[in-house]
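Colleague: I am new to this structure and would like a close look at a single part of it rather than a tour of the whole. Please choose one region, go through its packing slowly, and explain the reasoning where a cut-off is involved.

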Amino acid sequence: MAANEELPPTALADLELDERIVSSLREDWGIEELFPPQAEALPYALAGRNVMMTIPTASGKSLVAYLAIIQRLLTDLEGGRALYIVPLKALASEKVKELRELAGRVGLSVGIAIGDRSGETGQIEDSDILVCTSEKLDSLLRTRTGLMERIGIVVADEFHLLHDISRGPTLEVLLSRIRHARPEAQIIALSATVGNGEEMAAWLDARLIESDWRPIQLHSGTLTGLDVRIHRIDGPEKVDWPEPRTIEGRVTKKLQAVLDDTVATSGQILIFVNSRASAQKEARELSKHVRKQLGTGSLRYDGEMAEEWDSIADRMTRREDTSVMGKSLANCIRGGLAFHHAGLSYSQRRTIEDAFRDGRLLGLVATPTLAQGVNLPARRVIVRDYRRWSSAAGGSMPVPIMEIRQMMGRAGRPQYDDSGDAWLIAKDIDEELKLVDRYLLSDPEEVTSKLANPSAIRPEEDPALLTHLLSMIATGGINDRDAVSGFFSQTFLATQMDSEMLEARLDDVIGWLATNGMITRAGESGEVLERIKNRQAVPELEDEEWQDELPAWAETSAAVPGIEISKTGHVHSTSLPPRRGPAIFGFRKASQQLAQEEILPDSAAMTYEPTALGQRVARLYLNPISGRIIHDGLAVAMDVLTGSDEIHQVSPLGLLHLASCTPDFIAMWPRKEEWDIIQAEIHNHEREFLAEPVDLDQERRMKGVLVLQSWIDESKMEELEREWNVQPGDVRSRVDLAEWLLYAMREILAEDDEMRRMDPHRHKQLVESISELHRRIRHGCKSDLLGLVTIRGVGRTRAREMVNLLSVETVLDVASLTRRDIDRLAELRGWSSKLVENVMNEANRVSRRRR
């Protein structure tokens with residue numbers, strides 16, 4: 001802020017806010033005045049200016065966005081709508097809850113769009129404020145052309161994640177797309193402290209609000225041995241620097257000593273480690289320590305809390321199919337500690353987050369993903385590891401400064417603590433000095449665009465650029481070469497990449513899309529030529545939102561190595577004799593390493609049209625490489641079913657393998673002892689793959705396939721953990737991906753007229769086979785249960801019990817059960833008369849509807 005500018009007001013009464021909002025803030029939130037960064041930012045936000053806030057965690061960034069949204073929708077944007085974009089589903093739920101508290105006071109509705117199967121559709125269409133993940137919003141904009149029309153204000157939370165290789169490209173293109181279509185829409189970007197805030201704000205044409213202010217003090221320091229030294233203090237005002245001190249305990253058990261020290265002052269602790277295994281090990285050891293203290297009658301740990309811990313643990317293990325990891329988590333909870341990482345199921349994460357937030361757990365040991373998620377502050381934060389393994393680097397690498405600061409910023413609970421402690425663990429004085437210099441005294445890294453891969457040589461190595469360029473041509477109204485350049489010149493990447501390099505990348509990607517059947521060149525347009533001529537002739541009258549300067553980006557994702565798609569779409573094999581079994585259903589494994597001819601760049605006036613396949617791939621939210629692999633695999637499956645291919649077969653496992661061969665599927669790392677088993681399975685199913693295993697990732701992909709095969713064969717989670725060393729979150733993520741890819745597979749096949757003309761009957765058979773497998777993946781069951789698992793309250797375990805006991809197969813069978821059958825079912829373990837009654841009511845309802 002300039003020195004001669006008047007300081008913004010801090011009292012709520014001094015701001016032009018709806019009185020109902022002010023009352024809600026006072027009565028429900030206990031807020032009488034704004035924090036200094038809020039007070040500086042809010043006047044600009046209320047005036048409709050683009051704003052970027054880069055301030056520490058817990059400094060009130062979100063409230064500025066909430067107030068700007070609500071006040072503007074009540075006044076100058078009445079009848080419009082707001083978008084609140086977040087990176088994670090859990091964060092979306094948190095924001096929806098808070099927004100509904102405020103917006104509900106003034107009659108504004110808040111909806112959520114995160115991709116779950118709940119009733120989101122009506123909320124998407126009708127809500128005044130829509131909270132959504134970047135990926136879901138990107139998907140919606142591709143399929144709902146009218147969604148853009150009413151957008152008046154957009155909030156990008158965790159804006160610094162532009163730097164994230166997986167989420168950054170989508171957020172960047174989303175904001176570029178909104179600014180292109182709705183240049184008058186206001187953008188509010190909320191970011192952690194970054195090294196190049198001015199550059200990021202300039203890209204958005206936004207007022208930059210930077211501050212180190214925090215509502216409570218953060219004492220950042222080190223723990224070397226048992227010696228604590230504070231090296232940095234952030235907060236509303238400086239105080240006397242804390243003296244170095246030594247905590248009580250054993251130096252070989254320093255985390256136990258830190259836990260004891262924290263609990264002695266009625267605090268909670270967050271411990272960050274670099275791996276899932278470490279999180280589980282440390283939580284287990286700390287839990288044992290607490291239980292041992294309880295057994296000695298220590299006053300430090302409350303016996304009454306132990307009853308609460310047992311209650312939480314009992315609820316987590318109530319289900320019969322509780323996983324090995326779930327039982328381990330429950331055992332940790334019995335000692336007041338829990339671990340938190342991506343291997344947990346959603347319900348497990350939600351349970352421990354709620355318990356920690358409510359003060360019912362002493363601490364969490366977590367991987368760094370927690371620092372990017374929901375708001376879980378603690379009195380004390382310990383960062384045990386500042387290095388982690390990087391497959392790209394082939395070794396351990398230092399964790400970025402920005403990420404460490406995010407972890408440490410969780411220390412201190414507003415309204416509960418006067419200060420928070422955040423300590424980095426150092427092994428000796430030399431390491432302590434290095435950690436202090438790097439993580440406490442240095443500026444965070446600059447955010448760089450991840451929309452392009454700087455080292456990419458071929459278009460296949462730039463999958464994000466492929467994906468988003470196809471989307472813009474197919475669904476974004478960007479249909480000529482000049483418009484492509486204009487659009488991408490306004491991305492954040494264009495501020496960081498040489499324009500000629502960007503143009504070359506775009507030419508390569510366009511060539512790939514055309515060569516692989518996603519778009520066609522429709523010829524040069526006289527209208528486009530005239531547009532270019534007019535712009536060049538009268539540059540001083542240039543008034544376009546998007547310049548024709550070439551964009552400067554490169555794609556973030558690396559190519560999936562070793563997947564090859566032939567130009568003909570056929571797989572040739574001479575090593576196998578004709579098959580003896582039937583042609584049921586299957587695929588040909590294709591590759592992303594597609595051959596591409598050397599082509600000259602298109603003229604600026606060249607126009608493009610999406611092919612039917614390109615349109616489907618864009619609307620299905622697929623990577624174009626995945627779309628090509630799936631399309632070619634389905635063509636081979638049709639060859640098998642129509643008799644053109646007498647070598648290979650099609651099977652459920654084969655279709656799962658087709659899905660696994662796409663770059664959209666996340667492969668799984670085999671253990672050393674699994675290698676021979678997986679290779680044997682590859683050999684046994686060679687006919688179903690319809691391709692020779694030529695790539696190094698074949699074993700990783702096959703492990704994912706075998707886990708999914710076990711899932712649809714009704715293996716329990718405990719069995720999957722024991723057999724394949726996978727955790728519930730890992731299985732759930734692969735199941736979700738396979739379900740999506742099978743849906744895309746079915747849609748691509750169902751709408752492909754060329755394949756239908758090959759043989760309409762076989763085409764229908766393959767569509768139905770994929771649909772069956774899609775439902776099996778969703779419910780995790782064999783085919784004979786599909787008629788039962790659709791009944792509300794009946795999952796695969798109960799459905800199998802009903803089949804084994806009563807030999808039922810369909811909803812009508814269930815609706816026709818006799819009183820004796822109902823009584824027998826109610827006597828089963830895990831069932832009850834009430835549950836059976838509910839199942840019968842649902843079965844009767846469904847059967848009446850089907851009649």
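Modeller: A residue is called buried when its relative accessible area is under 20%, exposed when that area is over 50%, and partly exposed in between. Please keep in mind that this is a predicted model. With those limits we can begin at Asp736, which has its place in helix α27; its relative accessible area is 36%, so Asp736 is partly exposed. Along the chain Asp736 is 71 residues away from Phe665, yet in space the two are 9.8 Å apart, C-alpha to C-alpha.

Helix α27 is a good place to start, since it also belongs to the story of the interior. The largest nonpolar core has 81 residues, and those with the most contacts inside it are Leu469, Leu513, Ile519, Leu634, Met745 and Ile777. Helix α27, which spans residues 728-750, gives the largest share of this core, with 10 residues. In soluble globular proteins, nonpolar side chains tend to be buried together.

Ile777 shows how several parts of the chain meet. Leaving aside residues up to four places away in sequence, Ile777 touches Leu656, Leu708, Trp711, Ile712, Val735, Ala738, Glu739 and Leu742. A further core, of 67 residues, lies apart from the one just described and includes Ile271, Val290, Cys332 and Trp423, but I will stay with the part around Ile777.

Two of the residues touched by Ile777, Leu656 and Leu708, also take part in a contact between helices. Helix α22 (residues 652-660) and helix α25 (residues 698-712) have axes that come within 9 Å and cross at roughly 135 degrees, and α22 and α25 are therefore oblique to each other. The crossing of α22 with α25 is right-handed. On the α22 side the contact is made by Leu653, Leu656, His657 and Ser660, while α25 supplies Gln698, Arg701, Met702, Val705, Leu706, Leu708, Gln709 and Ile712. Sorted by class, the residues of this contact of α22 with α25 are 7 nonpolar, 4 polar and 1 charged.

Pro652 also lies in α22. Its relative accessible area of 22% makes Pro652 partly exposed, because the limit for a buried residue is under 20%. Pro652 and Glu688 are 36 residues apart in sequence, but their C-alpha atoms are 9.1 Å apart in space.

There remains the packing of helix α21 (residues 624-642) against helix α29 (residues 760-779), whose axes come within 10 Å and cross at roughly 120 degrees. That angle makes α21 oblique to α29, and the crossing is right-handed. Leu634, which we have already met among the core residues with the most contacts, is one of the α21 residues in this contact, together with Ala637, Met638, Leu641 and Thr642; they meet Arg762, His763, Leu766 and Ile770 in α29. By class, the contact of α21 with α29 is made up of 6 nonpolar, 2 polar and 1 charged residues.

To put the pieces together, helix α27 brings 10 residues to the core of 81, Ile777 touches Leu656, Leu708 and Val735 among others, and the helix pairs α22 with α25 and α21 with α29 each cross in a right-handed way.

Key: Residues are numbered from 1 along each chain as its sequence is written. This is a predicted model: local features need pLDDT of at least 70, side-chain atom pairs count only at pLDDT 80 or more; totals for chains, interfaces and linings use all residues. Side-chain values use heavy atoms; hydrogens and water are left out. A nonpolar core is a set of buried Ala, Val, Leu, Ile, Met, Phe, Trp, Tyr and Cys residues joined through side-chain atoms within 4.5 Å. Buried means under 20% relative accessible area, exposed over 50%, partly exposed in between (1.4 Å probe, protein chains only). Helices (H or I, at least four residues) and strands (E, at least two) are DSSP runs, numbered from the N terminus. Contact means heavy atoms within 4.5 Å. Axes are lines fitted to C-alpha atoms, for helices over the stretch in contact, and angles run from 0 to 180 degrees between N-to-C directions. Angles under 35 degrees count as roughly parallel, over 145 as roughly antiparallel, 65 to 115 as roughly perpendicular and the rest as oblique. A crossing is left-handed if the near helix is turned anticlockwise from the far one by less than a right angle, and right-handed if clockwise. Ala, Val, Leu, Ile, Met, Phe, Trp, Tyr, Cys and Pro count as nonpolar, Asp, Glu, Lys and Arg as charged, and the others, Gly among them, as polar.
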